[in-house]
Amino acid sequence: MPQSARLDKLVADWLRLDKNPTTRSEIQQLWDNGDWDELERRMGKRIEFGTAGLRAKMEGGWARMNDLIIIQAAQGLAAHLSTLPEAAKRGVVVGHDHRHNSERWANLTARAFLLKGIRVYLFKGVVHTPLVPFGVKKLGAVGGVMVTASHNPAEDNGWKVYYENAVQIIPPFDGQIAQAINDNLEPEEGAWDAETVREHSLCEDKTNVMRYEYHSHIAALFPPEEYVDLKLTHTAFHGLADLSIARAFAYTGLPPLHSVRAQRDPDPDFPTLAFPNPEEKGALSLALQTAELNDSEFILANDPDADRFLAAEKTKGSWHIFTGDELGALLASFTLEEYRKKGKPIEKLAMVASTVSSKMLGAMAAKEGFRFEDCLTGFKYIGNRALELEAEGYSVDFLYEEAIGYAVSPYIRDKDGITAAIAFVRLAARLATRGSSPLKHLRELYEKYGYFVTSNSYFRSSDTAVTKRIFDRLRAMSKEGKGYPTRLGPFPVQSVRDLTEGYAYDSSQLAPEHKPVLPLSSGNMITFSGKCESGEGFVLTIRTSGTEPKIKYYLEGNGRDPDGVKGLLEEAEKALADDWMQAEENGLGGAQA
């Protein structure tokens, strides 16, 4: 693309403000070389304060993660949080993972708050993400920041924000913080000093205290039970889980873990993994090898910042890797059993899941009598809805999203891969004493509540114009109703809910408004559902990703016959790719597993 006055100003502003010699040099070099296309990619659109804060590739530019972006974001957040009651005294919690630049960016974040006169509880050394919201709750802080990109590639980093309720931020606060950032773009004097942060009188180290409190909380959450000698292999994915999970298992009387040594210690380059995400195909290969060598019955996996959890069970000589929804059903069953021990009325129990997660929890709730609610994708919505239900008098004991995120502790309303792993192993131990296992128990749950089979994946769409065209077409495929498609392969479409801003529509709500109950999404998000005459049903949610060039889909079928449901689901998935997405015509390359 050609040079423009707009790009000239963006580059000039960057070179004026950026004091980091590396990223400043990157932009200067691109400018000297006349690489206008790359400059447009890096400078054209400022990184947005979105889903959980900020996340992008680490390099110079307004659209990337770097020192200047961190300083501006921290100054804006500090300005916003300083308006909360007793903010200076209550302080903020700041932690970081092991990725490149994470420690420096935690220090720069702390510096922005200190310059505002706000106390900072700056964790020393790397910590797993759940410790930050735990610290916010325990210390009564006005907010928290965790520098992490979770399971993103090694070249990425992120900046995750928690509000005073120890939950990720939702509207209107995210918009207010974004505005505060735009109002505080000029780095204050001293903002670049990351080296002397801990010398400041308002900077406190509560790391060991919070670690002790966190593990004490886990011990209270999972009191001792009969010891069952399960053989377990664990992988930390070159992340932060190893030390914390080993200590947590010791506190709760669970068996020791065989670690995947090549992935045990924190390594920001994730050398044994193409993508440090347990859900990626082939990601558990080293764990499977280690488990075979140790004759393990189960594999436990945490993502690098340890807020997600995945498990696998050996059965008849092969391994079953549980999906996020399968683990959701198992942990919901465990939660229900735990709740019943307390003798409380079942109607006061509540569970919450994202709207793209399996509807099996809804079937469980309908049969057992507890309350189930779904909400928009993301733990920021799940956690805040849990707090609302808690205020209404419910015991909200389980939260989950299909992307292997689970919260089994009512104390913090964010996903925690450590406590989820403990709950899974505790369930496996109980089942072993009954001659069963998690996989066998899952089949029993299907028999009781119906079979729910999911197929979640995505299409790559790097062209925003193509993505827009696809969603525009979805809203005009039929002459009936609002124009949405009326059939997905073998399934009739009987209900449509469009939560996209500007298109709000829910066919199940009263006419003529058809106003959705759930809040709207800034990205495209449409849910379709229906049922065949033979009784099999489907739910499909299609949405754009807020962080990647993807159109994600979450397809679930349900019925009494698992083979029949799987067959119908395969037909529906083909219709989605060929008819709805027109994947080949649009250059999407088909569904990516």
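**Cavity, pocket and local geometry**

Strand 16, strand 22 (537-544) and strand 23 (550-559) each contribute at least two residues to the lining of the largest cavity. The model examined here is predicted. Strand 23 gives the most to this lining, with three residues. The volume of the largest cavity is about 80 Å³. In total, 13 residues line the largest cavity. Val 356, Ser 357, Val 539, Tyr 554 and Glu 556 lie nearest its centre. By class, the lining of the largest cavity holds four nonpolar, six polar and three charged residues. A search of the whole structure returns one cavity of 30 Å³ or more.

Open space was also examined. The second largest pocket encloses about 450 Å³. Two or more lining residues come from each of helix 12 (324-341), helix 16 (438-449), strand 16 (451-460) and helix 18 (562-580). The lining of the second largest pocket comprises 22 residues. Those nearest the centre of this pocket are Glu 326, Tyr 446, Phe 452, Val 453 and Lys 566. Ten residues of the lining of the second largest pocket are nonpolar, five are polar and seven are charged. Strand 16 thus appears in two linings: it supplies at least two residues to that of the largest cavity, and two or more to that of the second largest pocket.

Helix 12, an element of the pocket lining, also packs on helix 15 (residues 417-433). The angle between helix 12 and helix 15 is about 75°, and their axes are 10 Å apart. Helix 12 is therefore roughly perpendicular to helix 15. On the helix 12 side, the contact involves Leu 327, Leu 330, Leu 331, Phe 334, Glu 337, Glu 338 and Lys 341. Helix 15 contributes Ala 420, Ala 423, Phe 424, Arg 426, Leu 427 and Arg 430. The contact of helix 12 with helix 15 counts eight nonpolar and five charged residues, with no polar residue.

Charge pairing was surveyed next. Side chains of opposite charge can pair when their charged atoms come close. Across the whole structure, 46 salt bridges are found. One salt bridge joins the side chains of Glu 38 and Arg 42, with an N to O distance of 3.0 Å. Both residues of this pair, Glu 38 and Arg 42, belong to helix 3 (residues 36-43). Glu 38 and Arg 42 are four residues apart, which is about one turn of the helix.

Backbone geometry was examined last. The peptide bond from Pro 171 to Pro 172 is cis, and its omega is near 5°. Pro 172 sits in the loop between strand 5 (156-162) and helix 8 (173-182). Ala 511 and Pro 512 are likewise joined by a cis peptide bond, with omega about 5°. Pro 512 belongs to the loop between strand 20 (505-506) and strand 21 (525-531). Phe 270 is not a glycine, yet has a positive phi of about 45°. The loop between strand 8 (257-259) and helix 11 (285-293) holds Phe 270.

Methods
Residues numbered from 1 in each chain as written. Predicted model: local features only at pLDDT ≥ 70, side-chain atom pairs only at ≥ 80, totals over all residues. Heavy atoms only, no water. 1 Å grid on protein atoms, 1.4 Å probe; cavity = no way out; pocket = protein on both sides within 12 Å on 5 of 7 lines; lining within 4 Å. Points joined across faces, edges and corners; volume = space filled by probe spheres on them. Nonpolar A, V, L, I, M, F, W, Y, C, P; charged D, E, K, R; others polar. Axes fitted to C-alpha atoms, helices over the stretch in contact; angles between N-to-C directions. Parallel < 35°, antiparallel > 145°, perpendicular 65-115°, else oblique. Contact = heavy atoms within 4.5 Å. Salt bridge = Lys/Arg side-chain N within 4 Å of Asp/Glu carboxyl O.
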